[in-house]
Amino acid sequence: MTTHFQVLVVGGGNAGLSAAAQLLHKASSLQLGIIEPSAKHYYQPAWTLVGAGQFDIRDTEKDEQDYVPEGAEWIRDAVTAFQPEQNQVTCQSGATYTYDSLVVVPGIQLDWAKIKGFSETLGKNQVSSNYSFQTAPYTWELIRNFKGGVAVFTNPATPVKCGGAPHKIMYLACDYWRKNGVLDKTEVHYISGAGAIFAVKEFARTLEGLLKRYRIKTHFLQNVTEVDGPNHRIYFEGKDADGNVQKQSIQFDMAHITPPQSAPDFIKNSPLADPTQPLGWVEVNKFTFQHTRFSNVFACGDVSNAPTSKTGAAIRKQAPVMVDHILAQLHKTQSSARYDGYTACPIPTEYGKLMLAEFDYTNKPKMTFPFDQAVPRWTMWLLKKYMLPWLYWHRILTGKA
Ligand SMILES: Cc1cc2nc3c(=O)[nH]c(=O)nc-3n(C[C@H](O)[C@H](O)[C@H](O)COP(=O)(O)OP(=O)(O)OC[C@H]3O[C@@H](n4cnc5c(N)ncnc54)[C@H](O)[C@@H]3O)c2cc1C
């Protein structure tokens with residue numbers, strides 16, 4: 001059994017498989033190992049459409065084995081600790097592996113337990129979340145069977161994967177209820193830890209129009225603290241103008257809750273974590289993904305501290321830059337590749353229409369198409385529903401796009 005790799009990848013998710021495949025395309029003789037505990041791989045971006053009854057959850061899950069690139073060795077284990085001074089990682093099984101270059105891409109941790117009562121009630125009592133494979137279908141059950149009342153959608157104060165996902169599902173739910181004569185009998189609340197609906201003003205304008213159109217009551221800079229499922233009550237708090245904590249609660253008939261998120265604990269508690277950030281992201285150069293203290297360690301995707309919105313779309317631009325730097329280091333050359341913070345958030349605004357928000361580190365729109373992408377379109381809906389899933393399984397995970 002091999003215990004030393006030229007490149008060792010921690011995490012065989014979106015970033016891990018894309019980067020591994022790209023590395024092997026460029027250097028086929030590379031000894032590359034991927035440590036990944038899960039037998040299944042998930043296409044998470046479709047979970048919003050699952051929650052809206054537009055995508056079959058079964059099509060979001062495939063066997064990891066089928067996507068491990070040829071030439072890579074899959075180690076079915078989970079990393080528990082890093083010893084970067086010895087170029088070594090330790091796994092749950094007790095096995096240790098050493099490397100020339102390390103790629104740290106284990107994604108983000110869903111901190112369900114940070115909201116009191118959430119784990120106990122998730123998937124029942126009219127409480128759902130698209131953030132889990134198990135419960136995304138329950139969101140659709142709730143939306144479909146909703147007969148009016150109070151619907152609550154929440155977004156935590158932490159960064160989350162796909163910043164749009166907590167509110168995308170709200171617009172689809174409202175549109176469904178509008179078409180079925182339920183919206184007039186419904187009060188919709190959006191409770192968010194953020195200070196605004198979206199950070200990029202050009203796209204925020206479109207979403208503010210939707211908030212008005214669907215008469216959504218917003219509660220910004222508010223943090224959900226507890227969900228009492230059996231009594232259908234959600235508790236949240238924020239600060240008033242004098243800095244005093246104000247607690248509130250709302251009785252709901254259905255709730256879609258997004259959990260707070262952070263770097264996985266084994267990253268947070270490791271020497272790789274950014275010591276200035278309590279959420280424990282891996283500390284990298286935001287343009288190259290090289291670790292700022294351990295030069296043969298790289299990280300991108302949801303786990304890195306690059307200050308952009310955490311999406312698969314961002315990884316599509318991050319992975320090639322990171323790969324270029326890893327190969328340059330192995331070959332003792334230089335890379336001039338730079339990442340500009342590009343990310344994309346496809347936001348469905350109603351069934352059949354979608355706004356493709358693309359932007360960079362400066363929060364300036366960075367539109368791919370030759371039309372105003374702040375205007376929701378049918379073509380962009382088709383892109384999200386049909387093209388992007390195909391692209392993911394056939395081109396992105398295989399390192400071709
Ligand atoms: C509801 C929802 C909607 C979304 N919508 C979009 C969208 O519209 N567009 C978009 O671009 N993105 C979207 N995303 C975000 C996108 O799915 C993530 O940004 C992307 O999957 C991150 O890739 P990653 O490789 O960093 O993490 P992941 O793909 O999550 O992979 C991490 C991998 O690391 C493994 N791992 C965990 N712990 C260990 C360990 N200890 N040792 C080894 N391996 C480990 C995991 O098993 C997993 O396979 C959405 C996500 C969700 C949940």
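This report describes the two domains of a predicted model, the interface between them and the surroundings of the ligand.

## Domain organisation

The domain assignment divides the chain into two parts. Domain 1 is made of two segments, residues 4-108 and 263-340, while domain 2 covers residues 110-260. The C-alpha centres of domain 1 and domain 2 are 31 Å apart.

## The interface between the domains

Contact between the two parts involves 18 residues of domain 1 and 20 residues of domain 2. Together, domain 1 and domain 2 bury about 1600 Å², and carbon and sulfur atoms account for 68% of this area. On the side of domain 1, Trp47, Thr48 and Ile108 provide 33% of the area buried against domain 2, more than any other three residues.

As for polar interactions, 0 salt bridges are found across the interface of domain 1 and domain 2. There are, however, 3 residue pairs in polar contact between domain 1 and domain 2, with both residues at pLDDT 80 or more. Helix H2, spanning residues 47-51, contributes 4 residues to the side of domain 1 that touches domain 2, the largest share. By class, that side of domain 1 consists of 8 nonpolar, 7 polar and 3 charged residues.

## The ligand and its surroundings

The ligand is surrounded by 33 residues. The closest of these are Ala15, Glu36, Lys168, Asp302 and Ala313.

Three of the polar approaches to the ligand can be described individually. For Ala15, a backbone N or O atom lies 2.8 Å from an oxygen atom of the ligand. Ala313 likewise places a backbone N or O atom 2.8 Å from an oxygen atom of the ligand. In Lys168, an N or O atom of the side chain is 2.9 Å from a ligand oxygen atom.

Definitions and conventions
Residues numbered from 1 in each chain as written. Predicted model: local features only at pLDDT ≥ 70, side-chain atom pairs only at ≥ 80, totals over all residues. Heavy atoms only, no water. Domains from an automatic or database assignment. Contact = heavy atoms within 4.5 Å. Buried area = accessible area lost by both parts, 1.4 Å probe. Salt bridge = Lys/Arg side-chain N within 4 Å of Asp/Glu carboxyl O. Polar contact = N/O pair within 3.5 Å; in protein donor to acceptor, adjacent residues only side chain to side chain. Helix = DSSP H or I, 4+ residues; strand = E, 2+ residues; numbered from the N terminus. Nonpolar A, V, L, I, M, F, W, Y, C, P; charged D, E, K, R; others polar. Near = heavy atom within 4 Å.
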